[in-house]
Every structure is written in structure tokens, then in C-alpha cells.
4 protein chains.
Amino acid sequence: MPRTAGATKARDKEARILAAAVRVFARQGYHGSTMATVAAEAGVATGTIYLYFERKQDLLVTLFQRHFNEYLERSRPALAAAPVGVERLRLLAELHLAFFAEDRALASVFQIHIREPDPVVAEGIRPSMAAYFDLIGDVIGTGVEAGAFAPDLDVRLARQVFFGALDETVTGWLRSKRTFALMSALDPVVGILARGFGAPSTGDPS
Amino acid sequence: MPRTAGATKARDKEARILAAAVRVFARQGYHGSTMATVAAEAGVATGTIYLYFERKQDLLVTLFQRHFNEYLERSRPALAAAPVGVERLRLLAELHLAFFAEDRALASVFQIHIREPDPVVAEGIRPSMAAYFDLIGDVIGTGVEAGAFAPDLDVRLARQVFFGALDETVTGWLRSKRTFALMSALDPVVGILARGFGAPSTGDPS
Amino acid sequence: MPRTAGATKARDKEARILAAAVRVFARQGYHGSTMATVAAEAGVATGTIYLYFERKQDLLVTLFQRHFNEYLERSRPALAAAPVGVERLRLLAELHLAFFAEDRALASVFQIHIREPDPVVAEGIRPSMAAYFDLIGDVIGTGVEAGAFAPDLDVRLARQVFFGALDETVTGWLRSKRTFALMSALDPVVGILARGFGAPSTGDPS
Amino acid sequence: MPRTAGATKARDKEARILAAAVRVFARQGYHGSTMATVAAEAGVATGTIYLYFERKQDLLVTLFQRHFNEYLERSRPALAAAPVGVERLRLLAELHLAFFAEDRALASVFQIHIREPDPVVAEGIRPSMAAYFDLIGDVIGTGVEAGAFAPDLDVRLARQVFFGALDETVTGWLRSKRTFALMSALDPVVGILARGFGAPSTGDPS
DNA sequence: GATGAATGAGGTTTCATTCAT
DNA sequence: CATGAATGAAACCTCATTCAT
């Protein structure tokens, strides 16, 4: 039990540091933030961060992995449970937007600050991103196979279009300083994408 | 004539510095690059850069403005000359992709390094980006008015989807290290987008 | 205790840095000195100075304040204990000269290098200097009130004459590279000043 | 004659540069001024300054020498014509104060900026200053010999007191931002100094 | 003589990272 | 585990001085 408690306490501190990093990076940018500032925000000493993370870059990488893998693992079964095709595509878009709508600071870090050309960061992020692209590809691909989307749809490109559209929607939302609710973009965007992928017009009382 | 010659020579050196900056930033990233490296690449002394640019950030900003405004000014008349609707949309996508396909280093800088949270950089880039979004909005909006796209299309969102899709296409192309020709994505992507915007299915002799 | 010890240690290092700054500034001048040189002289890393002082200018300002305020606080009670009039004036002059005679490097910094037109330096020095002028004014003013000096003496000007005379005496001593003992100027200078202020000729058994 | 005209023109430009230097140094301090700023103020190109002055320091030195030697040469005969003793001392003080009262920018440069620890500057200034101290010493010495001042007056110290008193008067005037006319200090200060040097009380109807 | 673009050495300051306590 | 003082490399930027025109 003590060991568990210890491990838990350690996990807690690590989590506190990561949460602090999100807030600080969102506020000042990755390069504009110092380890000292993150430490202060987390309420720990500067050196303490290095007990949990080897380098500054690992804050960004771990941050991303923790949140994004949780998102992936949460999303996979939910998607599997949804009907193949437009509905599943819609759920994926909903999960994507909801993920960012729920935490603006995290959204800011993910959309802007994590896109570092730094090789360590890029490398640390790549696997999860690849998994996400695979997931998107699955959702679209199964839709194609089920006849929900155009049979000649280039799944590789379609998933890029899908991700790009949602990504830019989130970025635009951040840019606009919250003048609209991010989730309000869900249906129109999915409408465009689904139609673009060749789904029969929905909402159409044919 | 001497003054003209002088001005020309100055422009030349400025251009040489900017070209060097593109190469260096593409190679090492903005934060990974030093003024000394850029200067060496340009074949001038470090201090010389400061005769043409006040700060390091101005390299990025000027770089962007020069290339992107030229792109905008070149595109506007070309678009105006193209038939409203899908064809004009296709031309816009073509210009967009061609712009990046033609200079990989520049593409790299535009897609990755220029997205700096640094306020000076962000502020310097905003006007041109806003103008581009307006241009995209025009292309889509005129299409809607002409009945080429769905009458209830949300132009604001549509242009975000359009930009996001193309942007991600370019990014994916950069990520893939040239395993495919960027221009080969043009037709499939435009196909998806046009259909998504409610254009009647093209190429289909149904 | 540990906190006290820590604070003490910190004070020690700060003091070591300041002492090094005095030596280096005296030797090479303020503008001729680099933070690296001061750090080396203090036996610390360059960056360490910035843990104790925000800017290079603060070295000069803090240096001055530490020494001069100590001088002021030490002098005030001593002066209050001396008989009003010439004797008190003499003590003030003695304290002034002794202050510089005791540490030639410090004298050099105070007489030459601290007179920086730099606003930060000037501003940091002003309050202590104003307090000193007030103190001089008190010594002369009480003398006037007590009838020890001419009743129509302009105290404002008199204190300027007093300070100027001593200041130049110290500067002259520094210029002369120690060919005479600074303290040997005490009695002649005080003699001139006291007589000039209207004190009855002393030592003269007329 | 053309050669003379050329030399004259050259002298003019040199004078313009020096005048510009006075203004710029007074405004921004010696170290806060750049050769480019001085050149701009003088209406010449940066490089032109180097046709007339070898180094930045020479601006300060030449500046000083020009004005101060003129002051010395003008003062010597005037002093010789004045009655030995208090009157001559008073004239010297008057010339000194008038010299500064007439050009505030020059006063600022002389009182503050010229006191550079820089060896080139210090060396360039020394001879003129030594000559001035000799002159002061002459005025006081002849007074002593003539019985106008105390026979046991230490001329070396007295001239230091004299110079220090006037110097601080000018500095105080500069510090006070002109709240009083510098010349108004002449009589009180000379009164103190003359009495201090052992002159029989003046204005006293003994 | 005059210009002003170019040079490049050099300084202040920052900050990721370490390590003695 | 935690601390935070210390490190020192590195970078941006300035500016006195030069020199081709």
C-alpha cells in the first residue's frame, strides 16, 4: 500500500507539473516559457521537474501523449459502437471538437505550440498522430466498404481532408476568441464532409 | 541612375538574405537558426542583416509577406478570369498547391515555422491571411450565388474547410518526404470539396 | 537556522560580487568592465551575478547605496554628539575624507565611475545624495543658528561649497596617485571653509 | 586664397560636427550617443566624421580643448588687468560661471560627460585642466603675496577648494534645471571663498 | 573630400540543466 | 524525493570603424 501511495503521489505531482505546463505554454508559448515558470505554476522547485521529465521537450511530448492517447482509447470503442458511415463519421468529428471545446488552454497548446519543428517533439508526437490518422482512415474506409461513401473515394486523401477541416475549424475557433461555440460547427462541417465523401444527402426528405 | 542602381543593389541583398533565411529556417527551424547562420548562408556579415531587418522576427514576417502577397496579387486576376463555381474553386486549389509544390523549402517555412505564437510574427502575418480567407470566401460565395454550390452553404465554415483541407494536404506532402507529387492531390481533393459544397457531381455522365 | 545560514551565505556572495565590482570598475571603468570580468573577479559564473542583480547598472547603484547609506547612518549620531559649529563641521569633513581615504578603489568608483549620466544609475544615487546634502545643510544651518557662522550665510550655497571643496579634494588626491595623505588636507580645508562661513578665526590667539 | 577658403570650409564642417556632438552628448550622454547620431545631427555622413576626427573620443577631447583653451586665452589677459586679490578672484569666478551659464548644453557636457575614465579622454583633457589649475593658483598666489589673502594659505589646497566650489555650483545649477540664475551664485560664493582665503571682510564698513 | 553600406567583434542577458544540500 | 542556487553556453543585437564608390 505505501508503495502504491507513493507511486500515486508521484503521479499526482507529475500531473500537476503537466497541468501547469499546459497553462503556461498556452499563455506564453513554448519558447516563451521557462522551466522556472512552469515549476512556479506547479508549485514545485525547478529541479523537481527534472525528476519527472528529462528535458523541456518532454513536457510537450508527454502532455500530448497523455491527453491524446486517452482521447484515442476513449474514442475507439465509442466509434465501434456507432453505425458505420455518416453517423460514425459524425461521432468522430464530435469527439474531436468536443475534445478541444472542453479545454481551451489544452486546445491552444495542441493547435499551436505542439507543432514544433524540434525533432524530439515531432518524433514524440508522430506515433499518436499516425494512430489517429489510422483511426480516421478506418472510419472512412469502413464507410466506403459499407457503401455509405463513394466507392472510388481516396481514403488517404479523405482522411487528410477530414483532419484538415476539423483542425482548421478548431484553430479558427481559437483565433476568434470564442465568439462562437465550437460545437456549433459540428453539423455544418460534417455535412460538407459527408457529402464530399459521397454520402447521400442527409436531412433531405427524398 | 546611380540611385536606382543603389536601390536595386539594396533590394538584391535584401532578397539574398531572405532567400538564405528560407533555406536556413527550413533546415533548422526558426528557433534553431541563428542570425549568424542566416548571414553566413547569405554571404554577408551578421550585422548586415540588421541594415535590412530590425529583428529576427522580421525575417519571417517579411519573407511571408513578400511571397504571399505576390501569390495573392497573382491569383486574384487569374481567379476573376475563371468561370464561377467549381472551375474557379479548382483553380484556387491549383494555385494554392502549385505555390507550395514549386518551392519545398518555402513550403516548409510557411507550413511549419511561420506559425509562431510570437506576437510580432502573428501580427505580421494576420493581414495577409485575412485577405486570403476573404479571397477564398469570395470564390465560394460567388459560387453559391451562381447556384454552383448549395444555397444554404455556410461560406464562413466552407472556406475554413477548404483552407484546412488544402493546408493539411500540403503538410502531409511535406511529412511524406515527397513520395507523391503534390499536384496529384488536386483533383481528388477538389472533387471532395466541390461535392461537399453541393456542386453537382462532375465527371459523372449519369 | 538553515534559513538564516542560507540568507547569510547569499548575502556573502552578493557582497563578494559587489566587492569584485568595486575592484574591476576602479581598474577598468564602468563601461570598460564586462559582467564576465566582474564574475571572474568574484569567482562566480557570469549568470550568477544575475541571481543577485537585475542589470549591470544595479551593481553600481547597489554598491553606492550599501556603502553610502552605511556612511550616512554612522555619521548622523556622531555628528549629533559633536558640538555645534566649527567642531561639528570639522567632524563632518573628517568623516567624509576618512570614508574615502580608507578604500582607494571605492573612492575611485565613487568619485569617477558612479557619475554616470545613465538614468538608472543617476536615479538610484539621487536619494542618498539628497540626504547627504540635507545632512550637510543641517550641520551648517545649526551652526548659523548657534551664531558659530555668519548670520547671513546662504546655507544652500554653503553646503554646495562645502561638498564641492571636499569632493575636489578627494578627486585631487586620487589624481595625484597618493603623493600625499588625504587626511592631511582636513585641517587646511576646514580652516578655509569655516572662516569662509564666518566662523571667528580659530587657533589664532589674537 | 582658394586654399584658405578650403581650409575655412573644412574648419566650418569640423565646427558643425563638434557643435552637433555637444548637443547629442548633452542629450543622450557620451556612451548613449552613436557616431551615426552625431553625423545626422551635423548633417553629414557617418564616415565624414572620420575625416576630421580619428576616434569617437576625439570628439570629446577636441570639443573640450577648443572651448576651454579659448576660455583660458580669453581669461588670462582679463585677469591680469584686474586688481590683485579679491577683485581678481571674483573676476575669475565670474568668468568661470559665465562660461557655463551661456551654453547649457556645453555645460552639461563639461560637467558630466567629459569626466570619462577613458584614458584617451582623460589624457586629452589633463593639460588644459592643469593649465587652469595653474591659473587659479596664480590668482590666489598673487593675492597671498600682495597680502590680500592669509599669508599661510596653502595655495595648492585653496585652488582645489575654489575649483571644487565653483564646479559644484555649476553642477547644482544643472541639476536644478535652471530654477535659479547661475550668476546669482557669484557673489555669495566668492564671499565665502574670499573670506575663507583670509581676505578682510568686504562690504564691511570697518 | 564625401558617402553610407558593410563589417564583425563584443557585450549583456537568458535559461535549460545540474548537483550539493 | 525535493530544492533552488549555480552554471556557462549561446544568441541577439549594437556600433565604432573602414573602404569602395
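Select helix 3 of chain D, beside DNA strand E: this helix gives the largest share of the surface near that strand, 5 residues. The model on your screen is a predicted one.

**Stop 1: DNA strand E**

Keep strand E in view and show the protein around it. There are 31 surrounding residues, and the closest are B:Lys13, B:Thr48, B:Tyr52, D:Thr48 and D:Tyr52. By class, this surface holds 12 nonpolar, 13 polar and 6 charged residues. Now colour helix 3 in chains A, B, C and D, since each of these helices supplies at least two residues here.

Which part of the strand faces the protein, sugar and phosphate or bases? Of the atoms of strand E within 4 Å of the protein, 66% belong to sugar or phosphate, and the rest belong to bases.

Three contacts with phosphate oxygens of strand E can be picked out one by one:

- Select B:Tyr52, where a polar side-chain atom is 2.4 Å from a phosphate oxygen.
- Select D:Lys13, where an N or O atom of the side chain is 2.8 Å from a phosphate oxygen.
- Select A:Met35, where the atom involved is a polar backbone atom, 2.8 Å from a phosphate oxygen.

**Stop 2: DNA strand F**

Move to strand F. Here, too, 31 residues lie around the strand, and A:Thr48, A:Tyr52, C:Lys13, C:Thr48 and C:Tyr52 come nearest. The surface near strand F has 13 nonpolar, 12 polar and 6 charged residues. Of the strand F atoms within 4 Å of the protein, 70% are in sugar or phosphate, with the rest in bases.

Select three lysines in turn. In C:Lys13, an N or O atom of the side chain is 2.5 Å from a phosphate oxygen of strand F. In A:Lys13, a polar side-chain atom is 2.7 Å from a phosphate oxygen of the strand. In B:Lys56, the corresponding distance from a polar side-chain atom to a phosphate oxygen is 3.0 Å. The elements that give two or more residues to this surface are helix 1 (2–28) and helix 3 (46–52) of chain A, along with helix 3 (46–52) of chains B, C and D. Which helix gives the most to the surface near strand F? Helix 3 of chain A does, with 5 residues.

**Stop 3: chains C and D**

Hide the DNA and show chains C and D. Two copies of a chain are related by a rotation about an axis and a shift along it. A turn of 179 degrees and a shift of 0.0 Å along the axis lay chain D on chain C with an RMSD of 0.1 Å. That is the relation of a two-fold axis. To find the axis, select D:Gly196: of the residues of chain D, its C-alpha comes closest, at 1.8 Å.

Next, show the contact between the two chains. It involves 29 residues of chain D and 29 residues of chain C. About 2300 Å² is buried between them, and carbon and sulfur atoms give 72% of that area. Select D:Gln160, D:Ile192 and D:Arg195, which supply 25% of the area that chain D buries against chain C, more than any other three residues. Of the interface residues of chain D, 100% are also interface residues in chain C, so the copies meet through the same surface.

**Stop 4: chains A and B**

Switch to chains A and B. Chain B superposes on chain A by a rotation of 180 degrees with 0.0 Å of shift along its axis, at an RMSD of 0.1 Å. The residue of chain B to select is B:Gly196, which comes closest to the rotation axis, at 1.7 Å (C-alpha).

Then look across to the other chains. Chain A and chain C do not touch, and their nearest C-alpha atoms are 13 Å apart. Chain B and chain D do not touch either, with nearest C-alpha atoms 13 Å apart.

**Stop 5: a buried serine in chain B**

Select B:Ser33, in the loop between helix 1 (2–28) and helix 2 (35–42) of chain B. Is B:Ser33 buried or exposed? B:Ser33 is buried, with a relative accessible area of 2%. The side chain of B:Ser33 reaches the backbone oxygen of B:Gly29 at 2.4 Å. Leaving aside residues up to four places away in sequence, B:Ser33 touches B:Val24, B:Phe25, B:Gln28 and B:Lys56. B:Lys56 is the lysine from the strand F stop, with a polar side-chain atom 3.0 Å from a phosphate oxygen.

**Stop 6: helix 6 of chain A**

Finish at residues 104–113 of chain A, which form helix 6; 7 of its 10 residues are buried. Among them are A:Leu106, A:Val109 and A:Phe110. At the start of this helix, a side-chain oxygen of A:Asp103 reaches to within 3.2 Å of the backbone nitrogen of A:Ala105.

Definitions and conventions: Residues numbered from 1 in each chain as written. Chains lettered and ligands numbered in written order. Predicted model: local features only at pLDDT ≥ 70, side-chain atom pairs only at ≥ 80, totals over all residues. Heavy atoms only, no water. Least-squares fit on C-alpha atoms with pLDDT ≥ 70 in both. Contact = heavy atoms within 4.5 Å. Near = heavy atom within 4 Å. Polar contact = N/O pair within 3.5 Å; in protein donor to acceptor, adjacent residues only side chain to side chain. Helix = DSSP H or I, 4+ residues; strand = E, 2+ residues; numbered from the N terminus. Nonpolar A, V, L, I, M, F, W, Y, C, P; charged D, E, K, R; others polar. Buried < 20%, exposed > 50% of the residue type's maximum accessible area, 1.4 Å probe, protein only. Buried area = accessible area lost by both parts, 1.4 Å probe.
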